[in-house]
Amino acid sequence: FYGDELGGNELRTFLSVILETLSSYKGRSLSREETDLIDECSICLSACTSSSAEGRSLVRNFHDDMGFGFNDISIQALTSHSAKARRHFSEVMGHLYEDHTLWA
């Protein structure tokens with residue numbers, strides 16, 4: 001995320017793709033392959049929020065036309081059918097709540 005290939009917006013682009021992917025599966029019954037994709041998205045989201053204040057800020061303030069954002073992450077942390085996704089979405093929520101600058 002430290003290169004300038006995309007004009008310094010690599011992290012924003014990466015998180016947008018993850019959150020847009022998650023939004024496309026919001027409220028759907030998922031196949032095994034789709035559940036695996038959600039698992040991987042939750043892992044990437046957790047990694048971004050654990051290691052980057054900018055990543056946490058982007059996730060906290062992300063809004064797209066599909067409506068997948070902070071509240072949806074919290075819902076998925078409780079209701080996802082995958083234990084792996086629940087665990088990683090919960091980690092994301094923990095990373096966000098621990099960053100007091102997001103709530104000031």
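In the predicted model, helix α2 covers residues 32–51, and because a rise of 1.5 Å a residue would give these 20 residues a span of 28 Å, the 29 Å that separates the C-alpha atoms at its two ends agrees with the expected value. The buried positions of α2 are Glu 34, Thr 35, Ile 38, Asp 39, Cys 41, Ser 42, Leu 45, Ser 46, Cys 48 and Thr 49. The cover over these buried residues includes α1 (10–24), α3 (53–61), α4 (70–79) and α5 (83–98).

Helix α2 belongs to a protein chain whose secondary structure amounts to 5 helices and 0 strands, and the order along the sequence is α-α-α-α-α. The protein chain has 104 residues, of which 41% are buried. When contacts are restricted to residues at least 6 apart in sequence, 60% of them join residues at least 24 apart. The area exposed by the protein chain is about 6,200 Å², and carbon and sulfur atoms account for 52% of that area.

The interior was then examined through its nonpolar residues. In soluble globular proteins, nonpolar side chains tend to be buried together. In this model the largest nonpolar core holds 23 residues, and those with the most contacts inside the core are Leu 22, Leu 45, Ile 73 and Phe 89. Each of the helices α1, α2, α3, α4 and α5 supplies at least two residues of this core. Leu 45 thus appears both among the buried residues of α2 and among the core residues with the most contacts. For Ile 73, when neighbours within four places in sequence are left aside, the residues in contact are Leu 19, Leu 45, Val 59, Phe 68, Phe 89, Val 92 and Met 93; that list includes Leu 45 and Phe 89, which are also named among the residues with the most contacts inside the core.

Charged side chains were considered next. Side chains of opposite charge can pair when their charged atoms come close. A search of the whole structure returns 4 salt bridges, among them a pair formed by Glu 34 and Arg 28, in which the closest N and O atoms are 2.8 Å apart. Glu 34 lies in helix α2 and, because its relative accessible area of 17% falls under the 20% limit, counts as buried. Its partner Arg 28, by contrast, has a relative accessible area of 41% and is therefore partly exposed. The side chain of Glu 34 also has a polar atom 2.9 Å from the backbone nitrogen of Ser 31. Beyond its neighbours within four places in sequence, Glu 34 is in contact with Tyr 25, Arg 28 and Ser 29.

Another of the salt bridges joins Arg 32 to Asp 36, with the closest N and O atoms 2.6 Å apart. Both residues are in helix α2, where a separation of 4 residues corresponds to about one turn of the helix. Arg 32 counts as exposed because its relative accessibility is 53%, whereas Asp 36, at 33% relative accessibility, counts as partly exposed.

A further salt bridge is made by the side chains of Asp 99 and Arg 56, at a distance of 2.9 Å from N to O. This pair links distant parts of the chain, since Asp 99 is in the segment after α5 and Arg 56 is in helix α3, with their positions 43 residues apart in sequence. Both Asp 99 and Arg 56 are buried.

Two other positions complete the description. Ser 16, in helix α1, is buried because its relative accessible area is 17%, and a polar atom of the Ser 16 side chain lies 2.9 Å from the backbone oxygen of Arg 12. Ala 47, in helix α2, has a relative accessible area of 42% and is therefore partly exposed; Ala 47 is not listed among the buried residues of α2. Ala 47 and His 95 are 48 residues apart in sequence, and their C-alpha atoms are 9.8 Å apart in space.

Terms used. Residues numbered from 1 in each chain as written. Predicted model: local features only at pLDDT ≥ 70, side-chain atom pairs only at ≥ 80, totals over all residues. Heavy atoms only, no water. Expected span 1.5 Å × (residues − 1). Buried < 20%, exposed > 50% of the residue type's maximum accessible area, 1.4 Å probe, protein only. Contact = heavy atoms within 4.5 Å. Areas by Shrake-Rupley, 256 points an atom, 1.4 Å probe, with all protein chains shown as cover. Polar contact = N/O pair within 3.5 Å; in protein donor to acceptor, adjacent residues only side chain to side chain. Core = buried A, V, L, I, M, F, W, Y, C linked by side-chain atoms within 4.5 Å.
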